[in-house]
Amino acid sequence: MSFAKAFSPALREIRILCSQTGQASAGTRQFIVSKYPSIKQNNPDLPVLIREASGTPARVFARFERGVEKHVELDNLSASDVESKVAQLLGSS
């Protein structure tokens, strides 16, 4: 999935959790730096929440219409693996 297009209207929120300094979250932090601008550019009204806290395992949550929420674990993944996991999650509406 390319992040250079608008997501499904069924997607209501994306929440990314990771550690600011933990090595297990390095790929997630790199994903945020590289993909967040294009996600927000193409989905300006979609809330994309980034929560960083020491020792937090890296994961991403997606909330869809009718309160359906799904998540995937991202600990110890490279930025490209994080991208594919997030794309898979967002395509599972």
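Which residues does Y36 touch, not counting residues up to four places away in sequence? In this predicted model, Y36 touches F31, V48 and I50. Let us use that residue as a way in, and then walk through the rest of the fold.

**Helix α1**

Y36 is found in helix α1. With a relative accessibility of 32%, Y36 counts as partly exposed. Its C-alpha atom is separated by 8.8 Å from that of F3, although the two residues are 33 apart along the chain.

The helix around Y36 has 17 residues. From its first C-alpha to its last, α1 reaches 25 Å, which is close to the 24 Å expected at 1.5 Å a residue. There is also a kink of about 45° in α1, at K35, shortly before the proline P37.

Which residues of α1 are buried? They are G27, T28, F31, I32 and I39. The buried residues of this helix pack against β1, β2 (48-52) and α2.

T28 is a good one to look at in the viewer. This α1 residue has a relative accessible area of 1%, so T28 is buried, the cut-off being under 20%. Leaving out residues up to four places away in sequence, T28 touches I16, C18, A58, L74 and V82.

**The strands and how they pair**

Strand β1 is mostly covered, with six of its eight residues buried. It has two pairing partners to look for. With β3, β1 pairs in the antiparallel sense over six bridges, and L11 stands opposite F64 in β3. With β2, β1 runs parallel, and five bridges join the two strands; here I14 has V48 in β2 as its bridge partner. V48 is a name you have met already, as one of the residues that Y36 touches.

β3 in turn pairs with strand β4 (residues 69-73), in the antiparallel sense and over five bridges. In this pairing, R63 stands opposite E69 in β4. The two strands form a hairpin, with four residues between them.

**A glutamate in β1**

Is E13 buried or exposed? This residue lies in strand β1. Its relative accessibility is 12%, and because buried means under 20%, E13 counts as buried. The side chain of E13 makes a polar contact with the side chain of R15, at 2.5 Å. Beyond its neighbours within four places in sequence, E13 is in contact with L46, P47, L49, F61, A62 and R63. R63 is the residue that stands opposite E69 in β4.

**The nonpolar core**

The largest nonpolar core has 22 residues. Those with the most contacts inside this core are F3, F7, L11, I14, F31, V60 and L90. The elements that give two or more residues to the core are β1 (11-18), α1 (26-42), β3 (59-64) and α2 (79-90). Which of the elements gives the most? That is α2, with five residues.

Several of these core names come up elsewhere in the picture. F31 is among the buried residues of α1, and F31 is also touched by Y36. V60 is worth a closer look too. Not counting residues up to four places away in sequence, V60 touches I14, R15, I16, K70, H71, V72, L74, V86 and L89.

**Two loop residues with a positive phi**

Most residues other than glycine have a negative phi. R66 and N76 both have a positive phi, and neither is a glycine. The table sets them side by side.

| Residue | Loop | Phi | Relative accessibility |
|---|---|---|---|
| R66 | between β3 and β4 | about 65° | 84%, exposed |
| N76 | between β4 and α2 | near 60° | 62%, exposed |

R66 sits in the turn of the β3 and β4 hairpin. With a relative accessible area of 84%, R66 is exposed, because exposed means over 50%. N76 lies in the loop between β4 and α2, and at 62% relative accessibility N76 counts as exposed as well.

**Looking back**

To trace the picture once more, begin at Y36 in α1 and find its contacts F31, V48 and I50. V48 leads to I14, its bridge partner in β1. I14 leads on to V60, which touches I14 and is among the residues with the most contacts inside the largest nonpolar core.

How values were computed:
Residues are numbered from 1 along each chain as its sequence is written. This is a predicted model: local features need pLDDT of at least 70, side-chain atom pairs count only at pLDDT 80 or more; totals for chains, interfaces and linings use all residues. Side-chain values use heavy atoms; hydrogens and water are left out. A nonpolar core is a set of buried Ala, Val, Leu, Ile, Met, Phe, Trp, Tyr and Cys residues joined through side-chain atoms within 4.5 Å. Buried means under 20% relative accessible area, exposed over 50%, partly exposed in between (1.4 Å probe, protein chains only). Contact means heavy atoms within 4.5 Å. Two strands pair if DSSP finds at least two bridges between them. The expected span of a helix is 1.5 Å times one less than its number of residues. The bend at a residue is the angle between axes fitted to the seven residues ending there and the seven starting there. A polar contact is a pair of N or O atoms within 3.5 Å; within protein, one must be able to donate a hydrogen and the other to accept it, and residues adjacent in sequence count only if both atoms are side-chain atoms.
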